[in-house]
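This briefing is meant for a reader who is meeting the structure for the first time. Please look over the sequence and the model before going through the points that follow.

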Amino acid sequence: MSASSRTVNRPKLPEVDWDLLVSRIRQGKCTPFLGAGACAGVLPLGKDIAQAWARRYEYPLRDSTDLVRVAQFLAVQARDSLFPKEKIKAQFENIAPPDFNQPCEIHGILADLPLPMYITTNYDDFMVKALSSRGKEPLTELCRWNDALKESPSIFDQEPKVTLTPQRPVVFHMHGHISEPESIVLTEDDYLDFLINMSEDPQLLPPPIREALTKTSLLFLGYRLADWNFRVVFRSLVSYLKRGFARAHVSVQVAPGRLSPNQLGRAIEYLDNYFKELKVSVYWGTCQEFARDLSEKMRK
């Protein structure tokens, strides 16, 4: 058997990584970080939205499945950066949330955990609704990555100071929320501005968020190798991951499709090596598969 085949067929996570993750969760020292894969089967795929926009607005390039680039085209054509964001808002806001009581529904599984903080790059409010369905009192906060957002006060600026607990956790939207189109990171310009502003001003992240990034194990859920949001947010977090050098982390990565076993093996090997220095172990599979395995490990 080739090395690539062994890599593809290996266990999802070594038992020691599972034990460490479960231990951190029970201590409340784990911070889930949700990506688009957490909403698979509920919200439309980015590539499908991109193709629909590309057809309607006559996108002239070949990469018509790339939502970030197609959204940039719409913003330029309309001479209005909010135009594609308002379209996303209109498309998402009337979609019913998933059934959080389903055995492998990732938001429901996460909502059952004794954690005080959840971070997401998704625009939806499914995590808040899942927590509310468990009788908890979640707070919502946005990353104030542009000037328009800095004008509104943060919940962390309030007096008395907010105390986060598993009963009253916060859901921090790193890339915006559909309720505020100005907050959404969607176009190429948005991602570049987000990364630049994050690197120039660490204070964009409130102190409790910065503390979570350095003092808890991060659990990245539902990302793909080539996702813009994962690449950008991961680069913006590298300094925090290095500062929290004693902590191990887990990334649940959806493997890229349409690759031969050899290509897939090489892709997995590449990402494993990329993450290794930052103490990030990779679970290859869907959020539903991870939710099932996590539930089993937590029961044991």
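The mean positions of the 38 positive and 37 negative charges of the chain lie 6 Å apart. These values, like the others here, are computed from a predicted model. The points below go from the chain as a whole to an aromatic pair and then to single residues.

**The chain as a whole**

- The chain contains 13 helices and seven strands, and its radius of gyration is 19 Å, close to the 19 Å that the globule rule gives for 300 residues, so the chain is as compact as a globular protein of that length.
- Taken along the principal axes, the box filled by the C-alpha atoms of the chain is roughly 55 × 55 × 40 Å.
- Of the 300 residues in the chain, 50% are buried, while the chain as a whole exposes about 14700 Å², with carbon and sulfur atoms supplying 50% of that area.
- When contacts between residues at least 6 apart in sequence are considered, 76% of them join residues that are at least 24 apart.

**Aromatic pairs and helix α13**

- The structure holds seven aromatic pairs, and one of them is formed by W18 and F290, which are stacked with 5.4 Å from centre to centre and 20° between the planes.
- Because W18 belongs to helix α2 (residues 15-27) and F290 to helix α13 (residues 287-299), this pair ties together parts that are 272 residues apart in sequence.
- Both partners are covered by the protein: W18 is buried with a relative accessible area of 3%, and F290 is buried at 0% relative accessibility.
- Y283 joins W18 and F290 in one aromatic cluster.
- D293, which is also found in helix α13, counts as buried at 14% relative accessibility, and when residues up to four places away in sequence are not counted, D293 touches K12 as well as W18 and Y283, two residues of that cluster.
- S295 is another residue that lies in helix α13; S295 counts as buried at 16% relative accessibility, and, with neighbours within four places in sequence left aside, S295 is in contact with P103 and I109.

**S251 in strand β6**

- Where in the fold is S251 found? S251 is part of strand β6, which covers residues 249-254, and S251 is buried, with a relative accessible area of 0%.
- Leaving aside neighbours within four places in sequence, the contacts of S251 are F220, F230, F275, V280, S281, V282 and Y283, and Y283 is thus a residue that S251 touches and that D293 touches too.
- S251 and P202 are 49 residues apart along the chain, and their C-alpha atoms are separated by 23 Å.

**P98 in a loop**

- P98 lies in the loop between α5 (83-92) and α6 (106-111), and although P98 is in a loop, P98 is buried, with a relative accessible area of 14%.
- Which residues does P98 contact, leaving aside its neighbours within four places in sequence? They are V42, E105, H107 and F126.
- From C-alpha to C-alpha, P98 and S179 are 19 Å apart in space, and in sequence these two residues are 81 residues apart.

Notes: Residues numbered from 1 in each chain as written. Predicted model: local features only at pLDDT ≥ 70, side-chain atom pairs only at ≥ 80, totals over all residues. Heavy atoms only, no water. Helix = DSSP H or I, 4+ residues; strand = E, 2+ residues; numbered from the N terminus. Rg over C-alpha atoms; globule rule 2.2 N^0.38 Å. Buried < 20%, exposed > 50% of the residue type's maximum accessible area, 1.4 Å probe, protein only. Contact = heavy atoms within 4.5 Å. Areas by Shrake-Rupley, 256 points an atom, 1.4 Å probe, with all protein chains shown as cover. Lys, Arg positive; Asp, Glu negative; His and termini not counted. Charge placed at Lys NZ, Arg CZ, Asp CG, Glu CD. Phe/Tyr/Trp six-rings, centres within 6.5 Å; stacked < 30°, edge-to-face > 60°.
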